[in-house]
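Could you walk me through this protein chain, from its interior out to its loops? I would like a plain account that I can follow with the structure open beside me.

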Amino acid sequence: MAKIGDRAASDVEAAVLAWCRAHEGATVAEKREAAKLIMEGFVQGYDDVAAEFAAQWYDDLAERNGVRLQQAVTMTTYKPKSVDEVARYQAKKLVKGGDAAFARACGEYARNDAFRSLNETIISNVGRDKDRGVRFARVPTGFETCTFCIMLASRGAVYHTRKSAGEFKHFHRHCDCKVVPGFEDNPDAELVEGVRPEELRDLYVQLNEIDEDAGLSAKQKEALKCRAINLAAVGSDPSTGYRADNLDLSALVPGELKKMQKKNPLEWESYVQLSRLGYRQRLLHEQGSATANIDIELYLDGMWRYWDMKTIEGGVHALKKRMTECHSKWVRLSSEGAVLPDGINIELLDNPRVVIDNRFSKITDAEAEAQIRKSEDYLSGKNGFNFERALLICKDGTAKLIE
C-alpha cells in the first residue's frame, strides 16, 4: 500500500521538477499553473488506483476470514479545488528559487491524497458492514507518528461507526497511518505483523509523559519521542539483541528504522553487531534533499566522529567500490554549494571513516584487510582528504581497527 503513495509522490515530484527545469525563465504563476495541471492528472489517477487496491484488499481479507459480504465499494478523496489550493500555497517556495522544494511538496500532496483514498475506502466499507461485526484499526507507519496517532492506534480494532470513522479524515503532515479492517472478535488482534495494540498502549504512556514534561524543549521532546518510537519498533522483535544504551535511534524519523530493516536487513545487522561489541553509535537520518548522507556517528578513542557503514556481500571488487563510495561522500559534502543533511556539523567532517562488515562477503578477513589498506593508500590525499581509519567486523563477529 505504501508503494502506491510513494509512486504517486515520485511521479509528481519528477514531473513538476522536470517542467520547472525545462522552462527556466517561467514566472511563478506559470510554474504554479503547470504544477496544478500535472497534479490533476497524477493525483486523480493514483487516487483511483489506491481506492481500487483497498477495495480488493478488503474483499480478500473478508474471504480469508470466512465472512461473506457484498463486494467492497471504492471511495476517492480527489478534489480539483484542493489541488489548486496546494499549488497556490506551495508556489510561495518559488519566490526563493526553490524549484526542488516546490516539486517535493507537490509530490507529498499526491502521496497523502492516495493514502486518504485508500483509508476512506476501508472506512466506508467498514461503516457499511458494521452490523456484521466488522471494525477497523489505525496502524501507524508514518514518518511523523504523533502521540495522537499512537493513542488512536493503541485502541486496536474498535472503530466501526461513521462518527469514529470521521476522525480518520484528518491527517497531520507526512502522516501515512493505515486503516486496517478487522474481522475478529478480539480488538487487540495483530492485524499487521509486528503491530500490537497492547505494546502501543505502553508507547503512548511514554510519549504522553514526554509531552507533559515542562522541562524539555520542543526539540528535546521530538528527539525523545523519535527514540521511543524506534525502540518500540525493534523491541517487538525478540531476535534483535542489541543494547539500547549504546545505539541511539533518536535522529531517525518514525518509520525510518522499519524501512531500513526491510530494505537493508544486513546493514541493520551491522549496527546491531557493533552495539553487541560495546561501540556507542548514533544512527543518522537519511535526508533525500542532501548532497550525500552519512550513516552514523561512532564514539571511538574518546571522540564522536562521522563514519559510513558498508556491509559487503560480494568479493574484493565490491569492497574496493564501497571504499571509493565512502571517500566520495566526504568530497561531495565538502564541495561548494553542497546541501548538508540536517544535524551534520561541518566542523566534524574532517576525514572519511568507514565500518566494513565482512561477515557476509565472499572473501576472507585477511583479503578484506589487505584491500582496505590498498584503498586507504590510494584514496588518501585525493581532493584534500586522508583516508586513515576503518573498522573491520570480522567473520567471527569481532572487530579490528585498521589504521
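**A walk through the predicted model**

Just after helix 5, G156 takes a positive phi of about 75°. Please keep in mind as we go that this is a predicted model.

Let's stay with helix 5 for a moment, which covers residues 147–154. Six of its eight residues are buried, so helix 5 is largely enclosed by the rest of the structure. If you would like to pick out the buried residues of helix 5 on your screen, they are T147, C149, I150, L152, A153 and S154.

Next, the interior. Which residues touch the most other members of the largest nonpolar core? They are V16, M39 and F102, in a core of 53 residues. Helix 2, spanning residues 28–64, supplies the largest share of this core, with 12 residues. A second core, of 25 residues, lies apart from it, and L284, A292, C326 and I363 are among its members.

F102 is a good place to zoom in. Setting aside its neighbours within four places in sequence, F102 is in contact with V16, C20, K31, R32, A35, A87, Q90, A91, K93 and L94. V16, one of these partners, also appears in the trio that touches the most other members of the largest core.

Now turn to helix 2 and its packing against helix 3, which runs over residues 80–90. The two helices pack at an angle of about 145°, and their axes are 9 Å apart. The crossing of helix 2 and helix 3 is right-handed. Helix 2 brings R32, K36, M39 and E40 to the contact, while helix 3 brings V83, D84, V86, A87 and R88. What kinds of residue make up this contact? Four are nonpolar, five are charged and none is polar. It is worth recalling here that an α-helix has 3.6 residues a turn, so residues three or four places apart point the same way.

On to the cysteines, which a biochemist may want to check early. How many disulfides does a search of the whole structure find? The search finds zero. A disulfide is a covalent bond between the sulfur atoms of two cysteines. Take C326 as an example: the closest cysteine sulfur to its own is in C394, and because the separation is 18 Å, the two are too far apart for a bond. Seen from C394, the closest cysteine sulfur is in C326, again at 18 Å and too far for a bond. C326 counts as buried because its relative accessibility is 0%. C394 has a relative accessibility of 9%, so it counts as buried too.

L284, which we met in the second core, is found in the loop between strand 4 (280–283) and strand 5 (296–300). Why does L284 count as buried? Because its relative accessibility is 13%, and the cut-off for buried is under 20%. Leaving out neighbours within four places in sequence, L284 is in contact with A251, L252, E256, I294, D295, I296, E297, Y306 and I344. I344 is 60 residues from L284 along the chain, yet their C-alpha atoms are separated by 8.9 Å.

V253 offers another loop to look at, between strand 3 (247–248) and helix 9 (256–263). V253 has a relative accessible area of 21%, so it is partly exposed. From V253 to P265 there are 12 residues in sequence and 18 Å in space, C-alpha to C-alpha.

Helix 12, residues 365–379, holds E369. Is E369 buried or exposed? E369 is buried, with a relative accessible area of 16%. Beyond its neighbours within four places in sequence, E369 is in contact with L392, K400 and I402.

Finally, two loop residues deserve a look at their backbone. Most residues other than glycine have a negative phi. D301 is not a glycine, but it has a positive phi of about 55°. You will find D301 in the loop between strand 5 and strand 6 (303–311), where it is exposed, with a relative accessible area of 55%. N383, also not a glycine, has a positive phi of about 55°. N383 sits in the loop between helix 12 and strand 8 (389–393). At 59% relative accessibility, N383 counts as exposed.

Notes:
Residues are numbered from 1 along each chain as its sequence is written. This is a predicted model: local features need pLDDT of at least 70, side-chain atom pairs count only at pLDDT 80 or more; totals for chains, interfaces and linings use all residues. Side-chain values use heavy atoms; hydrogens and water are left out. A nonpolar core is a set of buried Ala, Val, Leu, Ile, Met, Phe, Trp, Tyr and Cys residues joined through side-chain atoms within 4.5 Å. Buried means under 20% relative accessible area, exposed over 50%, partly exposed in between (1.4 Å probe, protein chains only). Helices (H or I, at least four residues) and strands (E, at least two) are DSSP runs, numbered from the N terminus. Contact means heavy atoms within 4.5 Å. Axes are lines fitted to C-alpha atoms, for helices over the stretch in contact, and angles run from 0 to 180 degrees between N-to-C directions. A crossing is left-handed if the near helix is turned anticlockwise from the far one by less than a right angle, and right-handed if clockwise. Ala, Val, Leu, Ile, Met, Phe, Trp, Tyr, Cys and Pro count as nonpolar, Asp, Glu, Lys and Arg as charged, and the others, Gly among them, as polar. A disulfide is a pair of cysteine sulfur atoms within 2.5 Å.
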